[in-house]
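Visitor: Could you take me on a close look at a single part of this protein, and show me how that part sits in the whole?

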Amino acid sequence: MLPSREIPQYQDDSDDWLRFLDKAAKGSIKAEDCLHSADLAFMVALTGDPESPNKLDLGEYAEQFRLTFPASPPGNTIHELIELAVEHRWFPHLFCGSETRIHPDADYAQLWKRRRCVRTAALLNDALLHCLEHWSANDCLQCLDEYSVDFNSRIIVSGMLYLSFTWPEEPRS
């Protein structure tokens with residue numbers, strides 16, 4: 001599990017969960033860039049090879065990813081996931097999560113094009129619920145495949161949550 005609010009970025013300085021959420025709530029392409037760079041940093045952490053993003057076959061990586069992906073989420077309810085996220089300082093405080101979606105997925109699509117923002121708490125709630133309800137390596141990989149043309153903030157945040165909840169532990173020396 002990602003141990004702090006810093007989101008590792010491949011060959012760049014770490015980003016921050018709050019900045020990431022703010023970008024996603026505004027529909028900024030920078031949120032997708034952050035997710036993509038975190039995915040590459042995850043690949044390095046998983047393989048232990050700093051060159052893996054440049055030389056590892058994506059099919060081979062997906063297979064390795066599937067083999068290490070936990071069978072169940074680290075919590076049984078949205079409230080347990082929120083508590084874990086706050087405990088690891090991804091966000092600064094608990095918020096009252098809802099067991100039902102606040103917005104349909106369409107409300108999170110192409111915010112930049114529609115010049116809309118969404119509430120961060122609603123986005124986070126719906127992304128956490130998605131992860132809880134669809135927990136699988138394949139769903140995570142689908143979230144990581146989100147393209148800017150189809151930019152959906154809920155999918156981007158779900159992808160980052162999946163990575164954060166399953167981040168490989170540092171090797172012990």
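Guide: Happy to. Let's begin with the whole: among contacts between residues at least 6 apart in sequence, 69% join residues at least 24 apart, a contact being heavy atoms within 4.5 Å. This is a predicted model, in which local features need pLDDT of at least 70 and side-chain atom pairs count only at pLDDT 80 or more, while totals for chains, interfaces and linings use all residues. Residues are numbered from 1 along each chain as its sequence is written, and side-chain values use heavy atoms, leaving out hydrogens and water.

Along the sequence the pattern reads β-β-α-α-α-α-α-α-α-α-α, with helices (H or I, at least four residues) and strands (E, at least two) taken as DSSP runs and numbered from the N terminus. The radius of gyration is 15 Å, close to the 16 Å that the globule rule gives for 173 residues, so the protein is as compact as a globular protein of that length. That radius is taken over C-alpha atoms, and the rule is 2.2 Å times the number of residues to the power 0.38. Buried residues make up 49% of the 173, where buried means under 20% relative accessible area with a 1.4 Å probe, protein chains only.

Now for the close look: Asn-152 sits in the loop between helix 8 (137-144) and helix 9 (153-166). Asn-152 is buried, with a relative accessible area of 6%. A polar atom of the Asn-152 side chain lies 3.3 Å from the backbone oxygen of Asp-105.

Key: Buried means under 20% relative accessible area, exposed over 50%, partly exposed in between (1.4 Å probe, protein chains only). A polar contact is a pair of N or O atoms within 3.5 Å; within protein, one must be able to donate a hydrogen and the other to accept it, and residues adjacent in sequence count only if both atoms are side-chain atoms.
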